[in-house]
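Subject: Structure handover and findings

Dear colleague,

Please find the structure below for your records. My account of what was found in it follows.

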Amino acid sequence: MRIFIQGSEEQKNELLSSLVKNEHFSFSQTLPNEEQIELFDAFIVLDVNPKEIDFYSFKDKPVFINEVILTLLELCTPKNIGRISGWPTFLKRDTWEVSGPITPDMLDVFTILNKNAIVVKDSPGMVAARVISMIINEAYFALNENVSSKDEIDLAMKLGTNYPYGPFEWSEKIGLTHIYNLLLKLSETDERCKPAFIL
């Protein structure tokens, strides 16, 4: 199986840090053209707005898109499309969340990537991004209430929960825009997700 991976240089480097380099992968910063679609068996699109992708050009081949906020239902995608989270730090993980109607061909992609796939509900934030965003949001609420400093909150969370990063470190790595936009989307149906004022 040959896999075409579209993404930024940063995404490529993050993904390569956890992949065994071999002949299965081809990287590009642009979407595949018609000829490339014929040459590859599966596609991972990490750095293109899903609203700008012609999903039907991939025919029935497995395609995974980096879309944390919008659901497949909202994007009106065909059945060969799956959602993953390609937020910074997420591509390195051994286990990737994927939402959508997952076929055996789609699972083969994860085997070649040497990743575990966990199928999750097609909802905004899926699981990990939703939880991490809420943790970061609570840290900003605590900061605003002068509970402690950013450094102390980060240290407490790393030591107390064994997280790889503190919430403020995580927010810098992921990007506050990603966090804010997800919280805003989640707050449409759950007021507890309303972004902290200082976020």
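I begin with a single pair of residues: Ile44 stands opposite Phe64 in β4. Please bear in mind throughout that this is a predicted model.

The pair belongs to the contact between β3 and strand β4 (residues 63-66), which are joined in the parallel sense by three bridges. Strand β3 covers residues 42-45, and its side chains alternate: Ala42 and Ile44 point one way, whereas Phe43 and Val45 point the other way. All four of these residues are buried. Strand β3 is also paired with strand β1 (residues 3-6), again in parallel, through four bridges. Within that pairing, Phe43 of β3 is the bridge partner of Phe4.

These pairings are part of an open sheet of five strands, whose order is β2-β1-β3-β4-β5 and whose pairing is parallel. At its edges lie β2 and β5 (81-84), each of which pairs on one side only. Direction ignored, neighbouring strands of the sheet are turned against each other by 20° on average. Towards one edge, four parallel bridges connect β4 with β5, and Val63 is found opposite Ile81 of β5.

Two helices may be described in relation to the strands. Helix α4 (residues 104-113) lies across β1, β2, β3, β4 and β5, and its direction is at about 70° to β4. In helix α1 (residues 9-16), the buried residues are Gln11, Glu14 and Leu15. Viewed down the axis of α1, the buried residues fall within an arc of 95°, so they line one face of the helix. The elements that cover them include β1, β2 (25-28), β4 and β6 (95-98).

Finally, I turn to a pair of helices. Two packed helices are described by the angle between their axes and the distance between the axes. For helix α6 (residues 150-161) and helix α7 (residues 167-174), the axes come within 7 Å and cross at roughly 100°; the two helices are therefore roughly perpendicular to each other. On the α6 side, the contact is made by Lys150, Ile153, Asp154, Met157 and Lys158, which meet Pro167, Phe168 and Glu169 of α7. Classified by residue type, this contact of α6 with α7 holds four nonpolar and four charged residues, and no polar ones.

Yours sincerely

Methods. Residues are numbered from 1 along each chain as its sequence is written. This is a predicted model: local features need pLDDT of at least 70, side-chain atom pairs count only at pLDDT 80 or more; totals for chains, interfaces and linings use all residues. Side-chain values use heavy atoms; hydrogens and water are left out. Axes are lines fitted to C-alpha atoms, for helices over the stretch in contact, and angles run from 0 to 180 degrees between N-to-C directions. Angles under 35 degrees count as roughly parallel, over 145 as roughly antiparallel, 65 to 115 as roughly perpendicular and the rest as oblique. Contact means heavy atoms within 4.5 Å. Ala, Val, Leu, Ile, Met, Phe, Trp, Tyr, Cys and Pro count as nonpolar, Asp, Glu, Lys and Arg as charged, and the others, Gly among them, as polar. Buried means under 20% relative accessible area, exposed over 50%, partly exposed in between (1.4 Å probe, protein chains only). Two strands pair if DSSP finds at least two bridges between them. The arc is that of the directions from the helix axis to the C-beta atoms.
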